[in-house]
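Please look through the structure shown here, beginning with its sheet and ending with a few single residues.

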Amino acid sequence: MDRRRFLLTSLAGALAAPLAAGAQQKAMPVIGVLNTGSPGPSPFMAAFRQGLSEAGYVEGQNLAIEYRWAEGHYDRLPALAADLVGRKVDLIMANSPPSALAAKSATSTIPIVFRSGADPVGDGLVASLARPSGNLTGVSFIADELTAKRLELLSELVPRVGVIALLMNPNNATAERVIRDVQEAARTKGLQLHVLKVSSESEIDTAFASLVQLHAGALVVGADPFLSSRREQLVALASRHAVPSIYAWREFAASGGLISYGSSLTSAFRLLGTYAGKVLKGTKPADLPVQQSTTFELVINLKTAKALGLTIPRSLLLRADQVIE
């Protein structure tokens, strides 16, 4: 009987050991998303999840995602990044340069994939594009640097307008440099420029209300993460105030904005998703070169132009990558 009891006990222990080991393993990897915007449907997050799915990861099935939203308050990013680090997420996706810097300051061990501006090396995110080193890699593209070009395109679209407004988020580290570049472009074209600084929904409303007093006949919207997160509000206000506006991303034109010029954000976030998948499978961020976007899209919404009573110059139509009718 003792021998039988011994064998049964040994068998039970042998069966329980794998179960205990399995219980100690994390059920599924967790990604922390450090987002400068606000909660809500986003084509960019949809593109990120698409990239993850192409790498074999589906949220809710074999992957969990923890979202942290700064809601346009960039000063909240360090605390949000620290929270994700404290939760021991397996990877952090930083959706903007401010998010990437906050994440890098919060951890030197958890892998980070980021969306950055034109110079992630100069911004202190990585050592080089080809060999990032450390725990960060991602996608970089020109955004702020095209703001002056957007002013030129808008002036070409509305050549009789002599006063143009520029909408900027002052909390963006590159805001003052961008303002100087656009002011210089405006002087070169003989335009008067008004700079409107906004960092909240209510300030956006106030800025649009001031366009009449400023006699501004057109508007350039800065390529800022917070402003991008307020896409629907910005497009609706531009329509309500009947002000021709140019934006950085095609999603604005697709939502009813007049014209956009910039890199493809959805392509960038999709690539971030595939990069995140590779890292979760064991690839080190340092072995994934920072990808650079070199393709720029000019998108024109003819329906919006008609509503504004504008005729799009043939020169612009011929250069457009997409015309929305």
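The paragraphs below go from the sheet to the helices on it and then to three residues.

This is a predicted model, in which local features need pLDDT of at least 70 and side-chain atom pairs count only at pLDDT 80 or more, while totals for chains, interfaces and linings use all residues. Residues are numbered from 1 along each chain as its sequence is written, and side-chain values use heavy atoms, with hydrogens and water left out.

Six strands form an open sheet with parallel pairing, in the order β2-β1-β3-β4-β5-β11. Here helices (H or I, at least four residues) and strands (E, at least two) are DSSP runs numbered from the N terminus, and two strands pair if DSSP finds at least two bridges between them. The edges are held by β2 (64-69) and β11 (291-293), each of which has a single partner strand, so one side of each is left without a neighbour in the sheet. From one strand to the next the twist averages 15°, where axes are lines fitted to C-alpha atoms, for helices over the stretch in contact, and angles run from 0 to 180 degrees between N-to-C directions. At the β11 edge, three bridges join that strand to β5 (residues 136-141), the two running parallel, and Ser140 stands opposite Gln292 in β11.

Helix α3 (residues 77-86) packs on the sheet, where it touches β1 (30-35), β2 and β3 (91-94), and its direction makes about 180° with that of β1; contact means heavy atoms within 4.5 Å. Helix α4 (residues 97-106) also packs on the sheet, touching β1, β3, β4 (112-116) and β5, with a direction at about 150° to that of β4.

In the loop between β3 and α4 lies Ser96, which counts as buried because its relative accessibility is 0% (buried means under 20% relative accessible area, exposed over 50%, and partly exposed in between, with a 1.4 Å probe and protein chains only). Leaving aside neighbours within four places in sequence, Ser96 is in contact with Thr36, Arg115 and Pro225.

Asn301, in strand β12 (residues 297-301), is likewise buried, at 5% relative accessibility, and its side chain reaches the backbone nitrogen of Thr304 at 3.0 Å.

Glu54, in helix α2 (residues 43-54), is partly exposed at 44% relative accessibility. Glu54 and Arg270 are 216 residues apart in sequence and 9.2 Å apart in space, C-alpha to C-alpha, yet their side chains make a polar contact (2.5 Å), meaning a pair of N or O atoms within 3.5 Å, of which, within protein, one must be able to donate a hydrogen and the other to accept it, and residues adjacent in sequence count only if both atoms are side-chain atoms.
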